[in-house]
Each structure stands twice: as C-alpha cells, then as structure tokens.
Amino acid sequence: MPFVNIKITRESATAEQKEALIAGVTQLLVDTMGKNPATTVVIIEEVETDNWGIGGKSVTELRKKK
C-alpha cells in the first residue's frame, strides 16, 4: 500500500490542482510500479511560508526579495 505525502506552501493551490496531483501521483504509481490505485494513499500538506525554510531563510522572506 503506497503512501505519498506531498508538501506544498499554502498559497494558491486550487482544489482542482490538488485533485490533479492526487490523480497524477496515483497513476504514476500504477504505471511505474503496478500498484493498486484503490490502496494508494496520497496526502497533500500545506505549510505556511513562514514555516518553510530554504538556505537559512523562510520562503516568506525569500519571496519578498523578488
């Protein structure tokens, strides 16, 4: 039973985009590994940009500089 955890920043992912991610990842596991889609679990976690750091800085700070 595959378990996939996708983490993205909480910003603008729509319900439709999340549905596409779930369907796409499930299909990828079916196609590449022959996994049963009925037992494939996909979870999307949305993380606030203040709680996501890259290179010692939060994503919030990094995006302010752009």
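In which helix do Lys64 and Glu61 both lie, and how many residues apart are they? Both residues belong to helix α2, where they are three residues apart, about one turn of the helix. Helices (H or I, at least four residues) and strands (E, at least two) are DSSP runs, numbered from the N terminus.

This is a predicted model, in which local features need pLDDT of at least 70 and side-chain atom pairs count only at pLDDT 80 or more, whereas totals for chains, interfaces and linings use all residues. Residues are numbered from 1 along each chain as its sequence is written, and side-chain values use heavy atoms, with hydrogens and water left out.

**Helix α1 and the strands**

Helix α1, made of residues 15-33, has 19 residues and spans 27 Å from its first C-alpha to its last, close to the 27 Å expected at 1.5 Å a residue, where the expected span is 1.5 Å times one less than the number of residues. Its buried residues are Val25, Thr26 and Leu29; here buried means under 20% relative accessible area, exposed over 50%, and partly exposed in between, with a 1.4 Å probe and protein chains only. Seen down the axis of α1, these buried residues fall within an arc of 95°, so they line one face of the helix, the arc being that of the directions from the helix axis to the C-beta atoms. They pack against β1 (3-9) and β2 (41-47), while on the other side of α1 the residues Glu16, Glu19, Leu28, Asp31 and Thr32 are exposed. Just after α1, Gly34 takes a positive phi of about 70°.

The strands β1 and β2 pair in the parallel sense over seven bridges, and pairing requires that DSSP finds at least two bridges between two strands. Val4 stands opposite Val42 in β2. The chain crosses from β1 through α1 to β2 in a right-handed β-α-β crossover, a handedness assigned if, with the strands pointing away from the viewer, the path from the first strand over the helix to the second runs clockwise.

**Salt bridges**

Side chains of opposite charge can pair when their charged atoms come close. The structure holds five salt bridges, each defined as a side-chain nitrogen of Lys or Arg within 4 Å of a carboxyl oxygen of Asp or Glu, and the table lists three, among them the pair in α2.

| Salt bridge | Closest N to O |
|---|---|
| Glu48 and Arg10 | 3.5 Å |
| Glu11 and Arg63 | 2.3 Å |
| Lys64 and Glu61 | 3.1 Å |

Glu48 forms its salt bridge with Arg10; Glu48 lies in the loop between β2 and β3 (53-54) and Arg10 in the loop between β1 and α1, so the pair ties together parts that are 38 residues apart in sequence. Glu48 is partly exposed at 38% relative accessible area, as is Arg10 at 43%.

Glu11 and Arg63 meet in a salt bridge that links distant parts of the chain, with Glu11 in the loop between β1 and α1 and Arg63 in helix α2 (residues 59-64), 52 residues apart. Glu11 counts as partly exposed at 47%, and Arg63 likewise at 41%. In the pair within α2, Lys64 counts as exposed at 59% relative accessibility, whereas Glu61 is partly exposed at 36%.

**Thr49**

Thr49 lies in the loop between β2 and β3 and is buried, with a relative accessible area of 15%. Leaving aside its neighbours within four places in sequence, Thr49 is in contact with Thr9, Glu11, Ser58, Val59, Thr60 and Arg63, where contact means heavy atoms within 4.5 Å.
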